[in-house]
Number of protein chains: 2
Amino acid sequence: MEKYYSKIKNSPLFCGITDAELEKMLKCFGGYVKKYEDGDMIIRQGEIISKIYLILDGEVNVEKETYWGRRIIIQKLYANNNIGLALVASKNIEANINAVCVGHALILILNYEKCSRMCQNACMHHGVLISNLFKIISKENIELIEKIENISQKTIRDKLLTYLSNESQKHKSNIFEIPFNRQDLADYLNIDRSAMSFELSKLKSEGYINYKKNKFVLKIEV
Amino acid sequence: MEKYYSKIKNSPLFCGITDAELEKMLKCFGGYVKKYEDGDMIIRQGEIISKIYLILDGEVNVEKETYWGRRIIIQKLYANNNIGLALVASKNIEANINAVCVGHALILILNYEKCSRMCQNACMHHGVLISNLFKIISKENIELIEKIENISQKTIRDKLLTYLSNESQKHKSNIFEIPFNRQDLADYLNIDRSAMSFELSKLKSEGYINYKKNKFVLKIEV
DNA sequence: ACATTTCTGTTGTAATTACAACATTAAGGA
DNA sequence: TCCTTAATGTTGTAATTACAACAGAAATGT
């Protein structure tokens, strides 16, 4: 557990909390670290979520399976993100998503019940924690709206250009790497992979973009 | 101002706060009520948002204009919802959406800076407020994910059935009213209005649904 | 009641997409 | 290195959609 302290204390979840306090709080919240492997389900659709899952290392896809069996990738989460945070606040709500591990991942798991209630121990910093949670979930909210923007475009071309433009802005550079392989990007943008590949080639041949594997260059401003 | 107290105190924003405290808090947060009319922009894309907008009465569309000039309706908000709440937590972030008034609306406006900082007055309930904000935005995130589910369906038919099924579940009844006219529903689901109308007729003639204006009956389980 | 405007439904056509099937390239293991 | 497998790119076709243009219904104002 101790070997993860440096990662944990750098998380926005514990922003504004000293090392000594952190140690106490982790005990108080029943915190422990769990390892996940590729394909492991961290959260399953239908479960009641009462814990906070903080990604210390690795990648997690937030997915959903449609009634007709297609996969939707809703979000891609990395280190310092929380998984299913919105679900813990609304008690007794069933998870409407799956959280699937991509590669290896380390997750810090905390008991939210204990986080949200004040306790007699030195944990007078619950207030800071809740405030941090609010900031984290706000950021997630903005990203969800951005995702809605991406997939709300009319054509495959517009979806790609909007997505790449948003990624470019996030990286503050017109050269950047995307976190998806082609199939996952297609599932994220809700389009057919092969049609997407075709459109990417076309955009490249027309000089709008360039790419090699996951490394992209956006040559125009959208 | 006083005449709105009953509406304000029933809002989830002030859940767990007594009447006497409420009055003090409203003063402390510089709270005031503003009236908006149909089409008024409450929040504009590009603005820096530093206030909390609580809908006391009326409807608000959260919209976005695409680079190519199409309108996307991201969310429909009602009384007791907050507008652009995620934006205030991330300071100095430009609003990525427009909030447009639909019909008449009453909005309570609070100074978030004052909400997020403790003060010397009787406002020891800032903690409760932040905790409420966390719950509110959590609910909003779950709804955004639901919206993503709706628009991620492959065909117009699947989008409609998923949307109607989700609405039906929300109303806990297979008979319900939807808050959109046809054009707005089309902009919400990112499909063409006329194509949507056509598909609705088809679903009706095939016996899957029934409707008259905004009143829908879902006859199958999706 | 009438005229006007807005909203909704219908239809044909051109454009776009999904899908399947296959080609090519990259990656990983023996 | 070669072999195997996975990822990506390419192409043709059938299905789906957007769009425009219009018809009918409902709402609104006078």
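## Protein contacts with DNA strands C and D

A phosphate oxygen of DNA strand C is found 3.3 Å from an N or O atom in the side chain of K213(A). This distance, like every other value in this report, comes from a predicted model, and the text below looks at the surroundings of each DNA strand in turn.

**DNA strand C.** Which residues are closest to DNA strand C? Of the 19 residues that surround this strand, the closest are T155(A), I156(A), K154(B), S197(B) and S201(B). Among the atoms of DNA strand C that lie within 4 Å of the protein, sugar or phosphate accounts for 63%, while the rest belong to bases. One of the base contacts involves S194(A), whose side chain has an N or O atom 3.3 Å from a base nitrogen of DNA strand C, whereas S201(B) places a polar side-chain atom 2.3 Å from a phosphate oxygen of this strand.

The surface near DNA strand C draws at least two residues from each of α8 of chain A, α7 (182-189) of chain B and α8 of chain B. The largest share comes from α8(B), which contributes 5 residues. Sorted by class, this surface holds 5 nonpolar, 8 polar and 6 charged residues.

**DNA strand D.** Around DNA strand D there are 19 residues, and the closest are K154(A), S197(A), S201(A), T155(B) and I156(B). Of the atoms of DNA strand D that come within 4 Å of the protein, 67% are from sugar and phosphate. How far is a polar side-chain atom of R193(A) from a base nitrogen of DNA strand D? The distance for R193(A) is 3.1 Å. Two serines of chain A have polar side-chain atoms placed beside phosphate oxygens of DNA strand D, with S197(A) at 2.8 Å and S201(A) at 2.3 Å.

Helices from both chains take part here, since at least two residues of the surface near DNA strand D are supplied by each of α7 (182-189) and α8 (193-205) of chain A and α8 (193-205) of chain B. It is α8(A) that gives the most, with 5 residues. The classes in the surface near DNA strand D are 5 nonpolar, 8 polar and 6 charged residues.

The table gathers the side-chain distances to phosphate oxygens.

| Side chain | DNA strand | Distance to a phosphate oxygen |
|---|---|---|
| K213(A) | strand C | 3.3 Å |
| S201(B) | strand C | 2.3 Å |
| S197(A) | strand D | 2.8 Å |
| S201(A) | strand D | 2.3 Å |

Technical notes:
Residues numbered from 1 in each chain as written. Chains lettered and ligands numbered in written order. Predicted model: local features only at pLDDT ≥ 70, side-chain atom pairs only at ≥ 80, totals over all residues. Heavy atoms only, no water. Near = heavy atom within 4 Å. Polar contact = N/O pair within 3.5 Å; in protein donor to acceptor, adjacent residues only side chain to side chain. Helix = DSSP H or I, 4+ residues; strand = E, 2+ residues; numbered from the N terminus. Nonpolar A, V, L, I, M, F, W, Y, C, P; charged D, E, K, R; others polar.
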